[in-house]
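Welcome, and thanks for taking a look at this one with me. Below are some notes to read alongside the picture.

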Amino acid sequence: MLLTYVRRELRGRLRQTVIVAVGLALAIALVLVVNAASAGVRNAQDDVLESVYGVGTDITVTQAAEPGAGGGRGQFSFGAEDGTTSDDGSTTVATDQLSIARGTMAMSSDVASTISAADGVSDVTATLMLTDQTFSGELPDPGSAPTGPPAGGGGGGGGGFGGGNFDVNSFSVEGITPGATALGPLAGATVADGRGFTTADAGADVALISQSHADSADLSVGSTITLTGTAVTVVGILASDDSATTLSDVYLPIDVAQALSGLTDQVTTVYVQGTSADTVDTAAAAITAALPDATVTTQSDLASGVTGSLSSASSLVQNLGRWLSIAVLAAAFGLAVLFTISGVTRRTRDFGTLKALGWSNGRIVRQVGTESLVQGLIGGVAGLVIGLGGILALNAAGISLSGTTGGAAAATAAAGGGAEGPGAGAFGGTMPGRVGQAASSTVETVLHAPIDVAFIATGVGIALIGGLLAGVIGGWRAARLRPAAALRSLD
Amino acid sequence: MYTLTDVSKTYRNGKKEVTALSHVSLTIPDGQMVAIQGPTGGGKSTLLQMLGALDRPTSGSVLLGAEDLAEVSSRRLTELRAREISIVFQGFNLIPTLTAQQNVETALVPLGVKARERAERAAAALDSVGLAERSGHLPAELSGGQQQRVAIARALVRQPKVLLADEPTGNLDEATRDEIVALLEQLWREQGLTLIVVTHDSWVARRAQRQLRIARGTVTDSGVQTPAA
Ligand SMILES: Nc1ncnc2c1ncn2[C@@H]1O[C@H](COP(=O)(O)OP(=O)(O)OP(=O)(O)O)[C@@H](O)[C@H]1O
Ligand SMILES: [Mg+2]
C-alpha cells in the first residue's frame, strides 16, 4: 500500500514531482561535475608536482642561494694550463666544470640525519644537483684585434669573440643515493634500457642518463661520459614519458658526484616523506625548527606555487565551482522542502482522514518520508546521468592545462638560458630542466575528470540527504496534524 | 455503548475561548440509530469528534464500553479508530490520487491485513455498495453519490462497531440523498451497528430511532421513538 500510494501520489502531482526532481538533478549534476573537475585538477597538480619532485615526496628541504652567491653561473677560468697556444697566437682550450646548479646552495649532508630525526618523518633521501659545463674551442690571439672580417667565424654560432671558434655544452647532473628508489627524484621513473642503480653502485663510476640526453648526446648503455676527466660508464637509460618525473640528464651515485665536483659531504636537496598525510605539517615545523636557515617546502606549498592555466583552473573550480554548487544545492534542497511542506498542507484533509481511519503518525511520516526519498532518488538518478554526461563532455573536450612550478627568479633563469652551443655572449649555458626548489618547470597535462565509486556515492548521497531532509520536515508537519482536521476542512 | 458524563470541550484560540460542548451527559446503547441536529456552530461536529476518538474532551469522560476515551493513550485512540469506529464525511474525504479500490483498502492498512485479503475484502465491500465495476476509478471520475458509496464501503470494510456520519448527504441532491440514507439504514440493520448521523435534514433525522439536538453546546434528547415510515 505504501509504495502504491507513493507511486500514485507522485504521479498525481506530476508537475511538482518533475520540478523538484529536475532541481535536485541539476544541483547533483553540478556538484558531480565540479567535484570531478576539481579531482581532475588536483590530479593534474599532483602530476606536475610529481614530475618535479618525484612520487611520494611530502616535503623538500633546500637552501636558497643568496643573490650572487652559489655556483652554477658559468664562470670559466682559463689558465695557461688549460690550452695550448698555436703558432698564430690563438689558444685551443677544452675545459669541463662540474659545479653546483644555479639557484641552489650546498648544505652539509648532516642535515639529512637531522631531518630524519625530526618528528613525523619516515624517510629521507638527499641529492646533489650539479651542472656540467664544457667549453672547447679556439680563442684568438688577444693581441690581434679583429679588424678584418672574422676568419673562420663559427658559422651559425659565432661567439662574442671575434674570430673565435668554440663550443659550449651544458647538462644537468644529479647525485643520488643508489638503491633508494622509494623516494627521491627517481621514484616513479622507469628504466628503459640497461639497469637502475643498486646499493652496490655506491662509489662506482657509473651513470644513469635520461632518454632525451641519450638521444641528444648520442649515448647508449655501455657508453662513457667524461666528467672533469673521469670516465663514467652509462649503465641504464631512464624512460622519459610525459607523465613521469622531469629527469636530470645524468644521475651519478651521490658520493661520486660529490667527489667529481669537489663538494665532499655536500647536498642540495633533501626529499622527505612524512609518516602520514596528517603529520606533514608537524614534520615540516619540526624540520624548520631544527634547520632555521633551510627552505622547507611542503606539497601544499608547492601546489600553491604552481602557476599557469592549471592554477587558474584550480582556483576557478575551488572558488566559483564550489560556491556555485553550494548555492544551487541549497536552492534545490529549499525547493524540495518547500514543495513537500506545501504538499502536506494541501493534503491536510487526506492525512486527517487517514488518521481518522486509524493510520498512526509513524505510518503517515513513513508515507511522506518515502515519497520524498523516492522523489530525491529520481532526482539523484537523473543527476547522475546528467553529471556523467557533463564529465564525459569535459573529458572529451580535452582541455589542456599547463602548470609551472618555481619562482620568478627561476623563470628568468629559464628565459636567460636555453641556448645550446654558443650563447649570445652569455655563458650561462643551458639550464638543466630541474634544479631544485628555485628552478622552474612547466608540465602540460590534459584535464581528466575521474568517474569512480565516490562519484556515484556522492550523487546518491546528496539525493538521499535532500529527500530525507524534505521528508523529515514534511513528515513532522504531517504528524502534527490532528485527526479532527478531517472533519474541519470541509470544502 | 457510549456513556458520556459531564463532557465539556473548550477551544482556545489565543485569548479567545469557545465552549463547543458544555456539560453533556448522554448514553447511547449498542445498535441504536441516532440523529444529531442543531444550528450551525452548535457543537455537532465537536460531539462527533469525541465519539469518534478523534479528540479528547476538556473535561468529563467519554466511555466506549469500559474505556474512557478521555484517559487512554494516543496509541490506544489510534487503535480504536482503526478497529471499532468508522466515519463517513460530508465531503466524502477520499484520497484523490487513489482509485476507489485503493481508497477502500486504506481502511484495512492499519489492521495489518495482507495485500491479497485486503484486495478481496475491498472488492466485496465495493460490491455491497453497488460499485464493483467502478473499483479502478479515481474519485474525480465518480459522481458525488458514487464517491459517498466508496466512502461508506471504506467505513464498513473492517466491520466496525460504530459508524459515525457527519452530514453524509449534505453535498448530495435529493434522489441521491435517499439512496445513501437507504444504504446506511440497510447496513445498520444488517450489521447491527451503532449508527450516529449528524444532519441538517429533518427528513433524514426522522428516520432515526432517536433525535438529539445540540445548540450552544447543550444537548436536548427526544428519547427513543419508532422511526417514521
Ligand atoms: N478547532 C477549533 N478551534 C476553535 N474553535 C472551534 C474549533 N472547532 C470548532 N470550534 C468552534 O466550536 C463551535 C462548535 O463547532 P462545531 O463544528 O462542533 O459546530 P457544528 O454544530 O458542527 O456546526 P456546523 O453545522 O456548521 O458544522 C463553533 O463555535 C466553532 O467555531
Ligand atoms: Mg459540523
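1. One term first, as it returns below: two residues are in contact when heavy atoms of theirs lie within 4.5 Å. With that in hand, look at helix α2 of chain B, whose buried residues pack against α9 (348-356) of chain A. The same buried residues also pack against β4 (59-64), β5 (67-68) and β6 (85-88) of chain B.

2. Which residues of helix α2 (residues 74-83) of chain B are buried? They are L77(B), T78(B), L80(B), R81(B) and A82(B).

3. Please keep in mind that this is a predicted model. For the complex, the predictor reports an ipTM of 0.94 together with a pTM of 0.67.

4. Chain B has a mean pLDDT of 92, and 98% of its residues score at least 70. Among its elements, helix α3 (residues 100-106) of chain B has the highest mean pLDDT, 96. The lowest, 82, belongs to strand β10 (residues 218-224) of chain B.

5. Chain A averages a pLDDT of 77, with 78% of its residues at 70 or more. Two stretches deserve some care when you read the picture. Residues 148-161 of chain A have a pLDDT below 50, and beyond near neighbours in sequence this stretch has 12 contacts in the model. The pLDDT is also below 50 over residues 407-439 of chain A, a stretch with 61 contacts in the model beyond near neighbours in sequence.

6. How many helices and strands does chain A have? There are 13 helices and 16 strands in chain A, while chain B has 7 helices and 10 strands. Of the 491 residues in chain A, 47% count as buried; for the 229 residues of chain B, the figure is 55%.

7. Now for contacts between residues with a separation of 6 or more. In chain A, 85% of these contacts join residues 24 or more positions apart. The corresponding share in chain B is 69%.

8. Helix α9 of chain A, which we met at α2(B), also packs with α10(A): their axes are 10 Å apart, at an angle of about 145°. The crossing of α9(A) and α10(A) is right-handed. From α9(A), the contact uses F351(A), L354(A) and K355(A), and from α10(A) it uses N361(A), I364(A) and V368(A). By class, these residues are 4 nonpolar, 1 polar and 1 charged.

9. Helix α10 (residues 361-396) of chain A has another partner in helix α1 (residues 2-12) of chain A; their axes come within 10 Å and cross at roughly 55°. Because of that angle, α1(A) is oblique to α10(A). This crossing is right-handed.

10. What makes the contact between α1(A) and α10(A)? On the α1(A) side are L2(A), L3(A), Y5(A), V6(A), E9(A) and L10(A). On the α10(A) side are R366(A), Q367(A), T370(A), E371(A), V374(A) and Q375(A). Together, the residues of this contact divide into 6 nonpolar, 3 polar and 3 charged.

11. Finally, a single residue to find in the picture: S170(A), in strand β6 (residues 165-176) of chain A. Is S170(A) buried or exposed? S170(A) counts as buried because its relative accessibility is 8%, and the cut-off for buried is under 20%. S170(A) and D132(A) are 38 residues apart in sequence, yet their C-alpha atoms are 5.4 Å apart in space.

Methods. Residues numbered from 1 in each chain as written. Chains lettered and ligands numbered in written order. Predicted model: local features only at pLDDT ≥ 70, side-chain atom pairs only at ≥ 80, totals over all residues. Heavy atoms only, no water. Axes fitted to C-alpha atoms, helices over the stretch in contact; angles between N-to-C directions. Helix = DSSP H or I, 4+ residues; strand = E, 2+ residues; numbered from the N terminus. Parallel < 35°, antiparallel > 145°, perpendicular 65-115°, else oblique. Left-handed = near helix turned anticlockwise from the far one by under 90°. Nonpolar A, V, L, I, M, F, W, Y, C, P; charged D, E, K, R; others polar. pLDDT = per-residue confidence, 0-100. Buried < 20%, exposed > 50% of the residue type's maximum accessible area, 1.4 Å probe, protein only.
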